[in-house]
Amino acid sequence: MSPQNEVATSPFRRSLNRIRRRRARSAPPGPRVQLLEHHYQFDTERKEILPGVKKHDNDLARDSHDFFNLIVLIPIIALNFMNWNWDKIFRHVSGVAKKKEKLLDSWTGEWFDTFLFATTLYFLVDLIWILIVPKCVKSPSTIVQHHIFTMLYILIPYYHHDKRWAMGACMSSEVSYA
């Protein structure tokens, strides 16, 4: 193909292709399974969901790790909730808050030290678990990186007291995992 006939690709497209290639190399070997196929019985020929629950495969490593997460995240979520003044949050959300009152003023931080300790302990134990039994999760390298960076980021609210509310806000996403 001559340079004049060559189609120019945007830098965004090249970056996106590079990311896709990188993700393709980091994905576990084997055919790629669609999201619906993970959770439902699926007819691949007709591309439709079948009635009934998908058959559960026994995987002790994965199941015990999931159970650990369910049990340990409950007190962490509770500690996070205990660090917020919910009356102020509800006033702010309902629109009756004072004009000077900001949403981050709802952070009390009364239980921050316990919350920080429990969160750090959770990330350390989970990190060690994944390093010892990597097959307990689908993408161990991604989760290991996530845990390491999260523990580094947790140092920010530890040293900067005015940023502690951000840890509470970010850790509220853990509700989706429990």
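Which residues form one aromatic cluster? Phe68, Tyr122, Phe123 and Trp129 do, and we will come back to them after a look at the whole chain. This is a predicted model, in which local features need pLDDT of at least 70, side-chain atom pairs count only at pLDDT 80 or more, and totals for chains, interfaces and linings use all residues. Residues are numbered from 1 along each chain as its sequence is written, and side-chain values use heavy atoms, with hydrogens and water left out.

Let us start with the overall plan. The chain has eight helices and two strands; here helices (H or I, at least four residues) and strands (E, at least two) are DSSP runs, numbered from the N terminus. Read from the N terminus on, the elements follow the order α-α-β-β-α-α-α-α-α-α. Of the 178 residues in the chain, 21% are buried. Buried means under 20% relative accessible area, exposed means over 50%, and partly exposed lies in between, using a 1.4 Å probe and protein chains only.

Now follow the chain to helix 4 (86-94). Asn85 caps the N-terminal end of this helix, with a side-chain oxygen 3.1 Å from the backbone nitrogen of Asp87. Just after helix 4 comes Gly95, which takes a positive phi of about 90 degrees.

Next, the aromatic rings. A pair of aromatic rings is described by the distance of the centres and the angle of the planes. Rings of Phe, Tyr and Trp (its six-membered ring) pair if their centres lie within 6.5 Å; planes under 30 degrees apart count as stacked, over 60 as edge-to-face and the rest as tilted. By this rule there are eight aromatic pairs. In one of them, the rings of Trp84 and Trp107 have centres 5.0 Å apart and planes at 80 degrees, so they meet edge-to-face. This pair links distant parts of the chain, 23 residues apart: Trp84 sits in the loop between helix 3 and helix 4, and Trp107 in the loop between helix 4 and helix 5. Both Trp84 and Trp107 are buried. Tyr158 and Tyr159 also make an edge-to-face pair, because their ring centres are 4.9 Å apart and their planes stand at 80 degrees. Tyr158 is partly exposed at 41% relative accessibility, while Tyr159 is exposed at 59%.

Phe123, a member of the aromatic cluster we began with, also leads us to the second largest pocket. Phe123, His146, Thr150, Met171 and Glu174 are the lining residues that lie nearest the centre of this pocket, out of 27 in its lining. On a 1 Å grid over the protein atoms alone, a pocket is an open set of points where a 1.4 Å probe fits, with protein on both sides within 12 Å along at least five of seven lines, and lining residues have an atom within 4 Å of a point. The pocket holds about 600 Å³ of space, where grid points are joined across faces, edges and corners and the volume is the space filled by probe spheres set on the points. At least two lining residues come from each of helix 3 (60-82), helix 5 (112-132), helix 6 (140-153), helix 7 (155-159) and helix 8 (164-171). The lining divides into 16 nonpolar, seven polar and four charged residues; Ala, Val, Leu, Ile, Met, Phe, Trp, Tyr, Cys and Pro count as nonpolar, Asp, Glu, Lys and Arg as charged, and the others, Gly among them, as polar.

A few single residues show how parts of the chain are placed. Leu127 belongs to helix 5 and is buried, at 11% relative accessible area. Its C-alpha atom is 9.2 Å from that of Gln145, 18 residues away in sequence. Ile148 is in helix 6 and is partly exposed at 38%; its C-alpha lies 8.6 Å from that of Leu124, 24 residues apart along the chain.

Finally, the cysteines. Cys136 is buried at 2% relative accessibility, whereas Cys170 is exposed at 55%. With a disulfide taken as a pair of cysteine sulfur atoms within 2.5 Å, the count is zero.

Conventions. A polar contact is a pair of N or O atoms within 3.5 Å; within protein, one must be able to donate a hydrogen and the other to accept it, and residues adjacent in sequence count only if both atoms are side-chain atoms.
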